[in-house]
2 protein chains.
Amino acid sequence: MDERKYRILQAIIDDYILTAEPVGSRTISRKYDMGLSSATIRNEMSDLEELGYLDQPHVSAGRIPSAKAYRLYVDQLLESGQLKSDDEASVRAYFAGRARQMEDVIDHAAQVISNMTNYLAVVLPPSGRQPLIRTVQLVPVGPGSALVLVVTDSGIIRDTVIPCPGQLDHDSLYAISRQLTEELEGHSIEEAAAIISGMTGRLHESARFLASLSDYFDAHTDAKPRRHVAVGGTSKMLTYPEYSDMEKVRGLLSLVETRDRLAAIVAQHGDVAFTVRIGPESGIPEMSDCSIVTATYSTRAGEQGTIGVIGPTRMRYSRVLSVLGTMGQQLSELFGAAGEFPEEESER
Amino acid sequence: MDERKYRILQAIIDDYILTAEPVGSRTISRKYDMGLSSATIRNEMSDLEELGYLDQPHVSAGRIPSAKAYRLYVDQLLESGQLKSDDEASVRAYFAGRARQMEDVIDHAAQVISNMTNYLAVVLPPSGRQPLIRTVQLVPVGPGSALVLVVTDSGIIRDTVIPCPGQLDHDSLYAISRQLTEELEGHSIEEAAAIISGMTGRLHESARFLASLSDYFDAHTDAKPRRHVAVGGTSKMLTYPEYSDMEKVRGLLSLVETRDRLAAIVAQHGDVAFTVRIGPESGIPEMSDCSIVTATYSTRAGEQGTIGVIGPTRMRYSRVLSVLGTMGQQLSELFGAAGEFPEEESER
DNA sequence: GTTAGCACTCACGAGCGGTGAGTGCTAACA
DNA sequence: TGTTAGCACTCACCGCTCGTGAGTGCTAAC
């Protein structure tokens, strides 16, 4: 695999990304002035095919890059590190002066990514280690019911309405809140249920109330919060010829619809800046001719979120990587900026 | 338009809804035993076409019902009122023992409707008159910031983090909360901002804090909360032959993507039980060959929500109407059941 | 090692006739 | 007067053939 072969391969990939049509030897020698005749290119292409970098849909058509070729291409791209983009300013502009509620930001980010890349964009909210309780507060919301509000160090607030005895008024609920805060501060949600059970003795006058509180924490322990998954640009997928097949679109669309599954697919595992899964690499049948590119961002509390793009294998990787890079940075800044008030979200 | 014509028309509609293919005279006389020969049916069909109830894609094809025909059909259906369905039990089963958070319910309802009808389902959360404030509570969430929690009579809770002076601790925030609650109870969010401004005098020690509180209410006045719109079964649309055209699908899909617009389209205005908009009746170009059927449900607080189904004009109207009817009832029950603890939602 | 030339392949689209579902019309029938 | 049988006609659809052209692989010359 010499230098010249690589340059030819790159040209083929570039052309294919642009046109989605098999590219022939003449195209390369003409459009990308290699100083080589089509015949020479042809020989090289033949070699590249043997090496597994090119596929031929049929004898008399041009070549298309294989997954292996994209892999090489992307690896090279990542290695070279030249992903500096000039759209940092425009990304920043998109967020300037905007409401800063978590879900809004997430949704908006998905929109922006999709608009800048013209692919399907997915944004997962931050999630990380067990958040620790900071404050617990009970607020009366009506006769016989109170709202449980839990503030954690990652700024996440869980709220649910639970039943409570009628005789507990605003002030007594406050007293209980203070006591609860004292006991639970610094502990995880998981531990909270047990601790409350232990408290039953002291606050004997409202044993049943505490029981339902304990239940509440119990319920929230394993019930991993159904995270809001932001998606943008679904309809953009339909513009690409590779998705002119209804069956494919249907598969993809129903996958995108089941947000849990989508989140699981996009969620990034390692600690790397970028993940690129090309075609069959993802192991997801519906995605066999899609590529998935993801990046991470992080919040001040150390939580990690994921942003991702799903598109055809002949994706404009460099563009996508640069957009994701910029956006990841922007989100990290937005969620991590010290001295700012934290972004809070009510979980469901 | 005599009885026989109507029966023939109905048969044509039924058949077309089933097959999506132009239906011929022979089909009618054979499959639906009318006791008439195809020739007679043919004459009647010719009449029906003249009356505007049937269209002919081309000379040598069968007839398809026009929007006018569907209109007649649906009106008759609604009038007859025989929409009693036997899936009340199954709808109920879907909700038994389920988490009862507003957004969960909404999402789930969309899923269920879509599964039962095989069309695209949309569910809008309840919204109605200006909710009145019941309780205001400030909770410290970190150094220099506090969470504002507003409980309203419609069970809606608004929460946002605002900056607050560092010297205000848990107890003093509570004191302020009590005072705020006293002043604001029974007022609308809109009025709150003004009232708080008036309070500045009394709580002079924290004028700046109150100012930001006032800002908070101001911000929430007109910023109509971006409601969570639940959608289910988008991919189901692709199974119908009328959406084999990519362009159509794209239009529809991008409409569904912009939730605001979708909500505006689906949102029901009047106070009627059902709304049926057939094809061009909706006035939305992308929807020219879709029908939109909506129904309402209501909460204890008197708010109204909308559930809707979007499908091809040759929709199984009776099925859809019955499912929507049952679901509307179920949701009303769920949100309105007296003696239960209210469903709360955190707005964004 | 590179290039020109040439025979060969094969997807794609246009053109074409056969097929069949469905119609409208007419004439006969109750 | 309404219903029905019969028949000629229309036209979308399907499968077929064939020409076209992009692209290849191979060979021979530079």
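Begin by selecting DNA strand C together with the protein atoms around it: 74% of the strand C atoms within 4 Å of the protein belong to sugar or phosphate, and the rest to bases. The model on display is a predicted one.

**Stop 1: the surroundings of DNA strand C**

Extend the selection to the 21 residues around DNA strand C, of which Arg4(A), Thr40(A), Ser60(A), Ser25(B) and Arg63(B) come nearest. By class, this surface has 6 nonpolar, 11 polar and 4 charged residues.

Next, display the side chain of Arg4(A), where an N or O atom is 2.5 Å from a phosphate oxygen of DNA strand C. Then turn to Ser60 in each chain. In Ser60(A), an N or O atom of the side chain is 3.2 Å from a sugar or linking oxygen of strand C. In Ser60(B), a polar backbone atom is 3.5 Å from a sugar or linking oxygen of strand C.

Colour helix α3 in chain A and in chain B, since each supplies at least two residues of the surface near DNA strand C. The largest share, 4 residues, comes from α3(A).

**Stop 2: the surroundings of DNA strand D**

Now select DNA strand D and the 21 residues around it; Ser25(A), Arg63(A), Arg4(B), Thr40(B) and Ser60(B) come nearest. Of the strand D atoms that come within 4 Å of the protein, sugar and phosphate account for 73%.

Three residues merit individual inspection here. For a contact with a base, select Arg42(A): a polar atom of its side chain lies 3.1 Å from a base oxygen of DNA strand D. For the phosphates, select Ser37(B), which has a polar backbone atom 3.1 Å from a phosphate oxygen of strand D. Continue to Thr40(B), where an N or O atom of the side chain is 2.5 Å from a phosphate oxygen of strand D.

The elements giving two or more residues to this surface are α3 (38-50) of chain A and α3 (38-50) of chain B. Here α3(B) gives the most, with 4 residues. The residues of the surface near strand D divide into 6 nonpolar, 11 polar and 4 charged.

**Stop 3: the α7 helices**

Finally, select residues 170-184 in chains A and B, which form helix α7 of each chain; the two helices pack at an angle of about 155 degrees, with their axes 12 Å apart. This angle makes α7(A) roughly antiparallel to α7(B). The crossing of the two helices is right-handed.

Show the side chains of His170(A), Asp171(A), Tyr174(A), Arg178(A) and Thr181(A), which meet His170(B), Asp171(B), Tyr174(B), Arg178(B) and Thr181(B). The residues of this contact divide into 2 nonpolar, 4 polar and 4 charged.

Conventions
Residues are numbered from 1 along each chain as its sequence is written. Chains are lettered from A and ligands numbered from 1 in the order in which they are written. This is a predicted model: local features need pLDDT of at least 70, side-chain atom pairs count only at pLDDT 80 or more; totals for chains, interfaces and linings use all residues. Side-chain values use heavy atoms; hydrogens and water are left out. A residue is near a molecule or strand if one of its heavy atoms lies within 4 Å of it. A polar contact is a pair of N or O atoms within 3.5 Å; within protein, one must be able to donate a hydrogen and the other to accept it, and residues adjacent in sequence count only if both atoms are side-chain atoms. Ala, Val, Leu, Ile, Met, Phe, Trp, Tyr, Cys and Pro count as nonpolar, Asp, Glu, Lys and Arg as charged, and the others, Gly among them, as polar. Axes are lines fitted to C-alpha atoms, for helices over the stretch in contact, and angles run from 0 to 180 degrees between N-to-C directions. Angles under 35 degrees count as roughly parallel, over 145 as roughly antiparallel, 65 to 115 as roughly perpendicular and the rest as oblique. A crossing is left-handed if the near helix is turned anticlockwise from the far one by less than a right angle, and right-handed if clockwise. Contact means heavy atoms within 4.5 Å.
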